[in-house]
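The following paragraphs offer a guided reading of one protein chain, beginning with the whole and ending with single residues. Please keep the sequence and the model in view while reading.

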Amino acid sequence: MTRADLFQLGTGLETGAHAEDSRGQTAAATLFDDTRDDHFIRRDGSVFAGTHLIIEVENGHGFDDEARIERAFRDCVDECGATLLHIHTHKFSPQGVSGVAVLAESHISVHTWPEIGYGAFDVFMCGDADPWKAVGVLKRAFATETVHVKELRRGEGLVAETAAA
């Protein structure tokens, strides 16, 4: 079997995301250990992996400018208290940009339609980072007040509430 075959099976990887840990316990069982440094958020009696914001920016300006989008990503990272690992953007012809900022805490992504002033952003962060601070950054970066936000608590219910204590 080749290393590629092992990769497809999800074994032999150095990510730590194996079905069993070194003690022979399943990964799911270890999630219930409240001493685990898992970066899950514990708030209002809930435990969840992270806050995922679906942010729709309307009437925005500069959605065809890769440099402006990269600057907005960097400003979001700084404002939210996240850790930037990598940014990748792609400019489409005749217009539009898609991009992602990979974070230690998860990611920020966008796809834009400059011809109608619309940008579809995802801001997903775990740990102590605060993705809600990205909303103001995006308003300023794209010169608009028309922003709609939906919040998802990713992984909510995966870890028992008793682990929140």
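The accessible surface of the chain comes to about 9,500 Å², and 52% of this area belongs to carbon and sulfur atoms. The chain has 165 residues, of which 35% count as buried. Among contacts with a separation of 6 or more, 59% are made by residues 24 or more positions apart.

The model is predicted, and the confidence attached to it should be considered at the outset. The mean pLDDT of the chain is 82, with 73% of the residues at 70 or more. Over residues 3–29, however, the pLDDT is below 50; in the model this stretch has 17 contacts beyond near neighbours in sequence.

The secondary structure may be considered next. The chain contains four helices and eight strands. Their succession along the sequence follows the pattern α-α-β-β-β-α-β-β-β-β-α-β.

How are the strands arranged in the sheet? Six strands form an open sheet with antiparallel pairing, in the order β4-β5-β6-β7-β3-β8. Strands β4 (84–91) and β8 (147–154) stand at the edges; each has a single partner strand, so one side of each is left without a neighbour in the sheet. From one strand to the next, the twist averages 10 degrees. In general, strands of a sheet pair through backbone hydrogen bonds, in either a parallel or an antiparallel manner. One pair here can be followed in detail: β3 (residues 50–57) and β8 run antiparallel and are joined by eight bridges. Within this pair, Ile55 has Val149 in β8 as its bridge partner.

Two helices may now be placed against these strands. Helix α4 (residues 133–141) packs on the sheet and touches β3, β7 and β8, its direction making about 20 degrees with that of β3. Helix α3 (residues 66–80) lies across β4, β5 (97–103), β6 (106–113) and β7 (118–125), and runs at about 155 degrees to β4.

Strand β6 provides two residues for closer study. The first example, Thr112, lies in this strand. Is Thr112 buried or exposed? Its relative accessible area is 3%, which is under the 20% limit, and therefore Thr112 is buried. Two backbone atoms approach polar atoms of its side chain: the backbone oxygen of Phe63 lies 2.8 Å from such an atom of Thr112, and the backbone nitrogen of Val97 lies 2.9 Å from one. Leaving aside residues up to four places away in sequence, Thr112 touches Phe63, Ile69, Gly96, Val97, Tyr118 and Gly119.

Ser109 also lies in strand β6. With a relative accessibility of 19%, Ser109 counts as buried. When residues up to four places away in sequence are not counted, Ser109 touches Phe73, Gly99, Val100, Ala120, Phe121 and Asp122.

The final example, Asp64, is found in the loop between β3 and α3. Its relative accessibility is 27%, so Asp64 counts as partly exposed. Where does this residue meet other parts of the chain? Asp64 and Gly96 are 32 residues apart along the chain, yet their C-alpha atoms are separated by 5.2 Å. Beyond residues up to four places away in sequence, Asp64 touches Lys91, Pro94, Gln95, Gly96, Val97 and Pro114. With Lys91 there is also a polar contact of 2.9 Å, which joins the two side chains.

Conventions: Residues are numbered from 1 along each chain as its sequence is written. This is a predicted model: local features need pLDDT of at least 70, side-chain atom pairs count only at pLDDT 80 or more; totals for chains, interfaces and linings use all residues. Side-chain values use heavy atoms; hydrogens and water are left out. pLDDT is the predictor's confidence in each residue, from 0 to 100. Contact means heavy atoms within 4.5 Å. Two strands pair if DSSP finds at least two bridges between them. Axes are lines fitted to C-alpha atoms, for helices over the stretch in contact, and angles run from 0 to 180 degrees between N-to-C directions. Buried means under 20% relative accessible area, exposed over 50%, partly exposed in between (1.4 Å probe, protein chains only). Accessible areas come from the Shrake-Rupley method with a 1.4 Å probe; for residues, only the protein chains shown count as cover. A polar contact is a pair of N or O atoms within 3.5 Å; within protein, one must be able to donate a hydrogen and the other to accept it, and residues adjacent in sequence count only if both atoms are side-chain atoms.
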